[in-house]
Amino acid sequence: MRFRLKAFGLHLCASVTVLTLILGALYLGWYRWPGWYLTGALHVVVILGVVDLALGPSLTLVVANPRKPRRALARDIGVIVIVQLAALVYGAATLWLGRPLYYPFSVDRLQIVQASDLEASEIALARQQNPALAPHWYSLPRWIWAPLPEDPDEAGKIVGSTLFGGQDVVQMPRYFRSWEQGLPKLREQLRPLDEIQALSRAEKRTLRARMSQLGLLPEQRNALVLWGERRVLVIFDPGTLRIRAILKP
């Protein structure tokens, strides 16, 4: 049993180290609040944890028998490690493709844009026409303004395409502009908490209490919902339009 526990402990420590490095890099780089919450990344992390931290070391505890020939023991543990690595690569790739790249304000709402939302053709166009805001593999999340094109024909095509499930302007980085340029338009869309129809009464009660605790006024026109797989409420300073808080409903 001492031999089994030693093998289990070593395997668990190695698994924790590798998983912590990978998830830590993804979190600190791309998934900081509110990205982790908006993308629902926790589901993938739970699966990784079950396979790499629970199942793998537990199987090592079962197969680690000091009476086994060394070659057979190495083979058994090798198979376990291969399965773990396959799960780790799949999970890390899923998180990488789902990493947040932009938090755009467009027309009347805030949204999240993930790497998987952008087509290669649009990325190539953005690098040619709008290199300052084009995405790269190393790009970290940016708050930007995504207005419709000034050309009415182009804008009409995008709106029509969106209505039938096509690409929206938030998936076209060639049209993106800096966050500061969009602040006057954003100011027009801010609402007091009670006027935000996307939130239920129960959610508004919870948010009102949290805003009061933070010294934020629910009666001010200072809030806008940020949409992803989930929603959060972004509270702005009415004067400077700096983000004061991002709250879960």
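Guide: A quick word first: a polar contact is a pair of N or O atoms within 3.5 Å. Keep in mind, too, that this is a predicted model.

Visitor: How far does the backbone oxygen of G98 lie from a polar atom of the side chain of Q114?

Guide: Let's place Q114 first: it sits in strand β3, residues 113-114. G98 is among the residues Q114 touches beyond four places in sequence, along with T39, R99, P100 and L101. From the backbone oxygen of G98 to a polar atom of the Q114 side chain, the gap is 2.7 Å.

Visitor: And does Q114 count as buried or exposed?

Guide: The cut-off for buried is under 20% relative accessible area. Q114 has a relative accessibility of 14%, so the label is buried.

Visitor: Which element gives the most to the largest nonpolar core?

Guide: That core has 18 residues, and F105, L110, W179, L186, L226 and F236 touch the most other members. The elements giving two or more residues to this core are α2, β1, α7, β6 and β7. With three residues, the top giver is β7.

Visitor: What about L193, is that residue buried or exposed?

Guide: Look in the loop between α7 and α8 to find L193. Leaving out residues up to four places away in sequence, L193 touches L199, K204, L207, R208, M211, P218 and L233. Its relative accessible area is 0%, so L193 is buried.

Visitor: How far apart in space are L193 and M211, C-alpha to C-alpha?

Guide: Along the sequence, L193 and M211 are 18 residues apart. The two residues do touch. C-alpha to C-alpha, their separation in space is 9.7 Å.

Definitions and conventions:
Residues numbered from 1 in each chain as written. Predicted model: local features only at pLDDT ≥ 70, side-chain atom pairs only at ≥ 80, totals over all residues. Heavy atoms only, no water. Helix = DSSP H or I, 4+ residues; strand = E, 2+ residues; numbered from the N terminus. Buried < 20%, exposed > 50% of the residue type's maximum accessible area, 1.4 Å probe, protein only. Polar contact = N/O pair within 3.5 Å; in protein donor to acceptor, adjacent residues only side chain to side chain. Contact = heavy atoms within 4.5 Å. Core = buried A, V, L, I, M, F, W, Y, C linked by side-chain atoms within 4.5 Å.
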